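Visitor: Could you take me through one part of this model up close, the place where the chains meet, and then show me how it ties into what lies around it?

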Amino acid sequence: MRKLLATLFLIPIIVSPQSTSFDFRSPQNIKLFADNLFCEGDYLRAVEEYQSIQNILRNDTINFKIMFSYSNLGLYQISNNSLQSIPGTSKFKCSADYLYLVNKFREDPKGLRVFHDMPLPPEIVERRQKLINISYFYDAEFNFDKNYILSPFNDEIDRQTVSLLYDLKTDPPYKSPALAGILSTVIPGSGKMYVGEWGDGITSLLLTGLFAFLAYDNFKADHSTRAWIFTGIGAFFYAGNIYGSVAAAQIFNARVDFEFSNGLKLFLDQENYFLPDYDFCN
Amino acid sequence: MRSKLIIFFITLLLTTSAFCQIENLKWQKAYISFEKPDNIRQRNYSFESNNAGEFIKKSLVNAYWFFISDVDGDNCPFSPTCSSFFIDATEETNIFQGTLMFSDRLLRDSNPVKVNDYPRDKNGHYFDPASNYTLNQERIKYLPSTYLVVDE
């Protein structure tokens, strides 16, 4: 009897976890799973799950999340196509309209300016103006007044960052390749030191100086073969150091451009393109 | 007899249910190779040009690769290595400018404190392509030293 009881006790324990009575694929459960994916930043799979229940639940939040997810995936055109699924009465309509503009900006910053007179609520107009002013930083020709660029930014930290970007754009700290070349012609390695490559500059000075000294010393001692070999090596390094200084100045300037565009991108990422804060995950 | 039958069935059930939960394949001992990957760039010894200058240049580089570099091992801290940089530099510009670029590379290679100046490639070498030194601003592709170059 005891053995029979033990068997009867064991069987339900084993069978119970394998039960399929729970409906994992109900729309509510799919939504919960999609919400979790969305909050984890797995937008690709979240959007797939949301789309599978979009027509069943008919929820504005889901429609906006689909638009938001596509935007974060870099699929701006598809994201903007989702705007139609958000009705004018929805509380997300305003945010969706702004997200539409952000997508346009991310596609092509200059393309946003076409929408400068699109009718929008006042708080969104201010955000749009911030983006439009930032879009001017992407132009090759930039001659705007600093106060005009800073005007939509009220937050002090934002103003400081945009002011710094403005200064970098209007007066980038470029180094002159010609000056670097001339400096290295006069004193080997000084052109590299001028662009901040101190290690390379000192190495150039020492190596060129060493071979120049060896050549001079051997000429002085009448070892002309050795003297000419050292002269050749010295001249090889001397010419290379002038060329390298010019190239180093160009690379320095490329670094300035890179740091400007990277700083701009970091600022926009940090501000999340001035999108309103959504509390979807708490 | 009956008790043996019950024990048999209990054992069968336990084994069947427990079997699904075995993850020994996933967690078992893994065999990792500790061999150092072959970081030496694939050598191209062929003479592809009929030009006399190209022939002399390639002969010198091939001789250096065969008699010195391949015997010495993977010691150049840069990627591409200095000899490959010379080949790339002359192909991208001309023999005169390529030689100047090569001279500059040797000077930079002699600098013992270059740790923070270059991005690293997947093998830990300093990534320093010839295209950055052609004096053509458009061709410079600046990468910060914190960047890891995966696809050269």
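Guide: Let's start with helix H12(A): its buried residues are covered by, among others, helix H11 (190-194) and helix H13 (224-270) of chain A, and helix H5 (95-110) of chain B. Before going on, bear in mind that this is a predicted model, where local features need pLDDT of at least 70, side-chain atom pairs count only at pLDDT 80 or more, and totals for chains, interfaces and linings use all residues. Residues are numbered from 1 along each chain as its sequence is written, while chains are lettered from A and ligands numbered from 1 in the order in which they are written.

A few terms, then. Helices (H or I, at least four residues) and strands (E, at least two) are DSSP runs, numbered from the N terminus. "Buried" means 20 or more other C-beta atoms within 10 Å of a residue's own, "exposed" means 12 or fewer, and "partly exposed" is in between, with C-beta atoms placed from the backbone. Contact is C-beta atoms, placed the same way from the backbone, within 7 Å.

Now the helix itself. H12(A) takes in residues 198-220, 23 residues in total, and runs 32 Å from first C-alpha to last, close to the expected 33 Å; that expectation is 1.5 Å times one less than the number of residues. On the buried list for H12(A) are A:Asp200, A:Gly201, A:Thr203, A:Ser204, A:Leu207, A:Thr208, A:Phe211 and A:Ala215. Just past the end of H12(A) comes A:Asp222, with a positive phi of about 65°. A:Asp222 is not a glycine, despite that phi, and its place is in the loop between H12 and H13 of chain A. A:Asp222 counts as exposed, because there are 7 C-beta neighbours inside 10 Å.

Across the way is H5(B). With 16 residues at 1.5 Å a residue, H5(B) should span 22 Å, and its end C-alpha atoms are indeed 22 Å apart. Its buried residues are B:Gly98, B:Leu100, B:Met101, B:Phe102, B:Ser103, B:Asp104, B:Arg105, B:Leu107 and B:Arg108. They pack against H12 and H13 of chain A and against H4 of chain B.

So how do the two helices meet? The axes of H12(A) and H5(B) come within 8 Å and cross at roughly 105°; axes here are lines fitted to C-alpha atoms, for helices over the stretch in contact, with angles from 0 to 180 degrees between N-to-C directions. H12(A) and H5(B) are therefore roughly perpendicular, a label for 65 to 115 degrees (under 35 is roughly parallel, over 145 roughly antiparallel, the rest oblique). From H12(A), A:Asp200, A:Thr203, A:Ser204 and A:Leu207 make the contact, and from H5(B), B:Leu107, B:Arg108 and B:Ser110. By type that's 2 nonpolar, 3 polar and 2 charged, counting Ala, Val, Leu, Ile, Met, Phe, Trp, Tyr, Cys and Pro as nonpolar, Asp, Glu, Lys and Arg as charged, and the others, Gly among them, as polar.

Zoom out to the whole interface: 22 residues of chain B are in contact with 24 of chain A. On chain B's side, the elements giving two or more residues are helix H1 (2-20) and H5. H5(B) gives the most, 7 residues. That side of chain B splits into 12 nonpolar, 7 polar and 3 charged residues.

There's also a core that draws on both chains. The largest nonpolar core (buried Ala, Val, Leu, Ile, Met, Phe, Trp, Tyr and Cys residues joined through C-beta atoms within 7 Å) has 29 residues, and A:Ala180, A:Ala248 and B:Met101 have the most contacts inside it. Two or more residues each come from helix H10 (177-186), H11, H12 and H13 of chain A, and from helix H4 (82-92) and H5 of chain B. H13(A) gives the most to this core, 11 residues. As for B:Met101, setting aside neighbours within four places in sequence, its contacts are A:Tyr243, B:Ala89, B:Ala130 and B:Tyr133.

Last, a detour just ahead of H4(B). The peptide bond from B:Ser79 to B:Pro80 is cis, with omega near -5°, and B:Pro80 is in the loop between S1 and H4 of chain B.

Conventions
Contact = placed C-beta atoms within 7 Å.
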